[in-house]
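Biologist: I am new to this structure and should like to learn how its features are read. Could we begin with the nonpolar core?

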Amino acid sequence: AAAALAVVVVAALGLWLGFVLASGTFAAILFPTMKQSRPALPDFSAWPGEHWIIAAGRVGQRVSLAVDIAQFTFAMLSGLTFAALIGLLGLPRTRPATLIRATGLGVAMACAAAQVIIVGPKMNSLMTRFWAAASEGQITAAEMFKAEFDRTHPIGSGLLYGSCISVFVTLIAGLWSVTTGDFAGAAAKSGKGASRYEEPALLKTRRA
């Protein structure tokens, strides 16, 4: 059971890191490509600004939502399984790998929670209101929403960077823990790592 949970934690962290890295890579490709394409959107003909920002933002919003869902899912999965390893199966709490994993996972979950609960919804709301005002030709309101979004965006990026670095550190520490056998005590506590029966005396004599 301990070994299985250790693998689940590592897998969840790997998938979590993969989603965050993929979203950053996607954004790095999407926005320059849209800018070079210089699209013109008929629904936003009243907006005098560049339309590639709107086109890229509409795609990016869906990707961000998917990443937020993934972050929430894998944060919960990795957090609960890691807690089970410590609380139920006796993973040593004072070993360096365990301390690093606990700290890294805590920071990563805090970053993900701030993004999913606070910053992400705020950015989505500002973006949606910007689109609505821009499509209706309400230039002043659109510029206000866009300016507020631009001020919030670095915070969201910082939280994603924080999640990425913290998850990476936690993943490395988790792999270290698995390869060095830190969960051996957990396996023993769960009854999987040692026999309940005493070694036969005859076998001891033969070994001697």
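Modeller: Certainly. In soluble globular proteins, nonpolar side chains tend to be buried together. In this predicted model, the largest nonpolar core holds 23 residues, and L13, W16, F82, L85 and V167 have the most contacts inside it.

Biologist: Which helices supply at least two residues of this core?

Modeller: Helix 1 (2-37), helix 2 (52-87), helix 3 (96-135) and helix 4 (139-180) each do so. The largest share, nine residues, comes from helix 1. Apart from this core lies another, of 16 residues, including L126, W131, F145 and F149.

Biologist: With which residues is L13 in contact, leaving aside its neighbours within four places in sequence?

Modeller: On that basis, L13 touches S78, L105, V167, T170 and L171.

Biologist: How is the packing of helix 1 and helix 2 to be read?

Modeller: Two packed helices are described by the angle between their axes and the distance between the axes. For helix 1 and helix 2, the angle is about 170 degrees and the axes are 9 Å apart. Angles over 145 degrees count as roughly antiparallel, so helix 1 is roughly antiparallel to helix 2. The residues of their contact comprise 28 nonpolar, six polar and one charged.

Biologist: How many disulfides does a search of the whole structure find?

Modeller: A disulfide is a covalent bond between the sulfur atoms of two cysteines. Here the search finds zero disulfides.

Biologist: Is C111 buried or exposed, and what of C164?

Modeller: Buried means under 20% relative accessible area. C111 counts as buried because its relative accessibility is 13%, and C164 counts as buried at 18%.

How values were computed. Residues numbered from 1 in each chain as written. Predicted model: local features only at pLDDT ≥ 70, side-chain atom pairs only at ≥ 80, totals over all residues. Heavy atoms only, no water. Disulfide = S-S within 2.5 Å. Buried < 20%, exposed > 50% of the residue type's maximum accessible area, 1.4 Å probe, protein only. Core = buried A, V, L, I, M, F, W, Y, C linked by side-chain atoms within 4.5 Å. Helix = DSSP H or I, 4+ residues; strand = E, 2+ residues; numbered from the N terminus. Contact = heavy atoms within 4.5 Å. Axes fitted to C-alpha atoms, helices over the stretch in contact; angles between N-to-C directions. Parallel < 35°, antiparallel > 145°, perpendicular 65-115°, else oblique. Nonpolar A, V, L, I, M, F, W, Y, C, P; charged D, E, K, R; others polar.
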